[in-house]
Amino acid sequence: MKLFDFNDPFFKPLWIRIAVVAVAALWGVFEFINGATFWGVLFVALAAVAFYGLFITFAPREPEAKEAKDE
């Protein structure tokens, strides 16, 4: 079981992947500016993990087809 599934079809559009990484990185910078070093490091590290998962090793799965049930 993974904490984050970066290969989910939800992340296939490029703009979503960019937004996820940018929001995490910008929030980390915001925390550093306000003097919250712990939260800044946490969010910048999260942005780095998201960048790695969404751009370096990204291999999206195809959406699962829903089976039609005969009732």
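Of the 71 residues in the chain, 21% count as buried. The structure is a predicted model, and its secondary structure consists of two helices and zero strands. Among the contacts in the chain with a separation of 6 or more, 67% are accounted for by residues 24 or more positions apart. The accessible surface of the chain amounts to about 5,800 Å², and carbon and sulfur atoms hold 70% of that area.

Aromatic side chains were examined next. A search of the whole structure returned seven aromatic pairs. One of the pairs joins F10 and F11, whose ring centres lie 5.2 Å apart. The planes of these two rings stand at 80 degrees, and because an angle over 60 degrees counts as edge-to-face, the F10–F11 pair falls in that class. The two partners differ in their exposure to the surroundings: F10 has a relative accessible area of 51% and is therefore exposed, the threshold being over 50%, whereas F11, at 15%, is under the 20% limit and is therefore buried.

A further pair is formed by W27 and F30, with a distance of 4.9 Å from centre to centre and 40 degrees between the planes. This angle is neither under 30 nor over 60 degrees, so the W27–F30 pair is classed as tilted. Both residues belong to helix 1, which spans residues 14-33. W27 and F30 are three residues apart in this helix, so that about one helical turn separates them. W27 is partly exposed, with a relative accessible area of 42%, and F30 is likewise partly exposed, at 40%. Each of these values lies between the limits of 20% and 50%, which means that neither residue is assigned to the buried or the exposed class.

Ring pairs also act in combination, linking F4, F6, F10 and F11 into a cluster. The edge-to-face pair of F10 and F11 described above thus involves two members of this cluster.

F4 recurs in the description of the surface, where L3, F4 and L46 make a nonpolar patch of about 320 Å². Within this patch, L3 is located in the segment before helix 1. The relative accessibility of L3 is 76%, and because this value is over 50%, L3 counts as exposed. F4 accordingly appears both in the aromatic cluster and in the nonpolar surface patch.

Notes:
Residues numbered from 1 in each chain as written. Heavy atoms only, no water. Phe/Tyr/Trp six-rings, centres within 6.5 Å; stacked < 30°, edge-to-face > 60°. Buried < 20%, exposed > 50% of the residue type's maximum accessible area, 1.4 Å probe, protein only. Helix = DSSP H or I, 4+ residues; strand = E, 2+ residues; numbered from the N terminus. Patch = residues over 30% accessible without salt bridge, like charges linked within 9 Å, V, L, I, M, F, W, Y side chains within 5 Å. Areas by Shrake-Rupley, 256 points an atom, 1.4 Å probe, with all protein chains shown as cover. Salt bridge = Lys/Arg side-chain N within 4 Å of Asp/Glu carboxyl O. Contact = heavy atoms within 4.5 Å.
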